[in-house]
Amino acid sequence: SPTDIIPILESIAIEEPSEAKPVEVVEKKPTKKKQAKEDKAEKKSKKVNETIRCTDKYAYFYQDTPLSNWWTSPPILHDGHSFLSSEGVFMYEKAKGMGDEEYALKIHQADIDTSLTEKERFSKVKKLGKMCKWNEAIYIEKREEWMYTALTAKFKVDKAFRDVLMAEEYRGLTFVEASPWDKIWGIK
């Protein structure tokens, strides 16, 4: 109880601060690996704003921005699995929605395969997503729901994604994927 603690607190001696000695400040330099990682993050963050073009109504993005589904995110937790991209979550959801558990698991494994370069991982995920069972009617009906699921999961863990979406400079604008190749999600 609080009254039992009072005698203990009273018995603790409070030391007066001794005369302070000057402290030498030594700047600790990051390791080469850490410095390279910091440099890469800084370079990547600079590229974000360079790759988003705005008009008075729209913020157009394509690649090299956290808005891209191919952006490598912190681990995105979904359906008991961890993913490295919202595209991986989307393709996984698509395969599951088509009733193709085998390809859903292959997509998940490809999305987290860090032995591959980002480009190789993305290519493999996309290829596997095209190989799963297919039903056009299901895809048309469910694709927006699957994308919403993927982006909501990404929003929960990816600060860079949240920061861009919530940035004052984009307030009131509609984000548009400016992919010239994507007939469904892009502007083609």
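In this tour, helices (H or I, at least four residues) and strands (E, at least two) are DSSP runs, numbered from the N terminus. The model on your screen is a predicted one.

**The whole chain**

Begin with the chain in cartoon view, where you can follow 7 helices and 5 strands. Reading along the sequence, you will meet them in the pattern α-α-β-β-β-β-α-α-α-α-α-β. If you colour the 188 residues of the chain by accessibility, 29% of them count as buried. Among the contacts with a separation of 6 or more, 56% link residues that lie 24 or more positions apart.

**The sheet**

Select next strand 1 (53–54), strand 2 (residues 58–61) and strand 5 (174–177). These 3 strands form an open sheet in the order 1-2-5, and the pairing within it is mixed. Strand 1 and strand 5 are the edge strands, each of them pairing on one side only.

Strands of a sheet pair through backbone hydrogen bonds, either parallel or antiparallel. On one side of this sheet, strand 1 and strand 2 run antiparallel and are joined by 2 bridges, with a hairpin of 3 residues leading from strand 1 to strand 2. On the other pairing, strand 2 and strand 5 run parallel and are joined by 4 bridges.

Tyr60 is a useful residue on which to centre the view, since its neighbours show both pairings: Arg53 stands opposite Tyr60, while in strand 5 the bridge partner of Tyr60 is Val176. Turning on the side chains of strand 2, you can distinguish a covered face, made by Ala59 and Phe61, from an uncovered one, made by Tyr58 and Tyr60.

**Two loop aspartates**

Leave strand 2 towards strand 3 (76–78), and in the loop between them you will find Asp64. The phi angle of Asp64 is near 55 degrees, which is a positive value in a residue other than glycine, and with a relative accessible area of 41% Asp64 is partly exposed. Continue to the loop between strand 3 and strand 4 (81–83), where Asp79 is found. Asp79 likewise has a positive phi, near 55 degrees, in a residue other than glycine, and its relative accessibility of 40% places Asp79 among the partly exposed residues.

**The nonpolar cores**

Select now helix 3 (86–97), helix 4 (101–111), helix 5 (118–131) and helix 6 (136–157), each of which supplies at least two residues of the largest nonpolar core. That core has 20 residues, and those with the most contacts inside it are Phe90, Ala95 and Ile107. A second, separate core of 9 residues can be shown in another colour, with Ala59, Leu67, Ala167 and Tyr170 among its members.

Zoom in on Ala95 and display what surrounds it: leaving aside residues up to four places away in sequence, Ala95 touches Asp100, Tyr103, Ala104, Ile107 and Cys132.

**Asp100**

From Ala95, move to Asp100, which has its place in the loop between helix 3 and helix 4. Is Asp100 buried or exposed? Residues under 20% relative accessible area count as buried, and Asp100, at 7% relative accessibility, therefore counts as buried. With residues up to four places away in sequence again left out, Asp100 touches Ala95, Cys132 and Lys133. A distance drawn from Asp100 to Lys133, C-alpha to C-alpha, should read 5.9 Å, although the two are 33 residues apart in sequence.

**The largest pocket**

Finish with the surface turned on and look for the largest pocket, in which about 1,700 Å³ of space lies. Its lining comprises 45 residues, and to find its centre you can select Asn69, Trp70, Glu87, Glu177 and Asp182, which lie nearest to that point. Coloured by class, the lining shows 21 nonpolar, 8 polar and 16 charged residues.

Which elements supply at least two residues each to this lining? They are helix 2 (32–51), helix 3, helix 5, helix 6, helix 7 (159–166) and strand 5. Helix 6 gives the largest share of the lining, 8 residues, and helix 6 is also one of the helices that supply at least two residues of the largest nonpolar core.

Definitions and conventions. Residues numbered from 1 in each chain as written. Predicted model: local features only at pLDDT ≥ 70, side-chain atom pairs only at ≥ 80, totals over all residues. Heavy atoms only, no water. Core = buried A, V, L, I, M, F, W, Y, C linked by side-chain atoms within 4.5 Å. Buried < 20%, exposed > 50% of the residue type's maximum accessible area, 1.4 Å probe, protein only. Contact = heavy atoms within 4.5 Å. 1 Å grid on protein atoms, 1.4 Å probe; cavity = no way out; pocket = protein on both sides within 12 Å on 5 of 7 lines; lining within 4 Å. Points joined across faces, edges and corners; volume = space filled by probe spheres on them. Nonpolar A, V, L, I, M, F, W, Y, C, P; charged D, E, K, R; others polar. Pairing = 2+ DSSP bridges.
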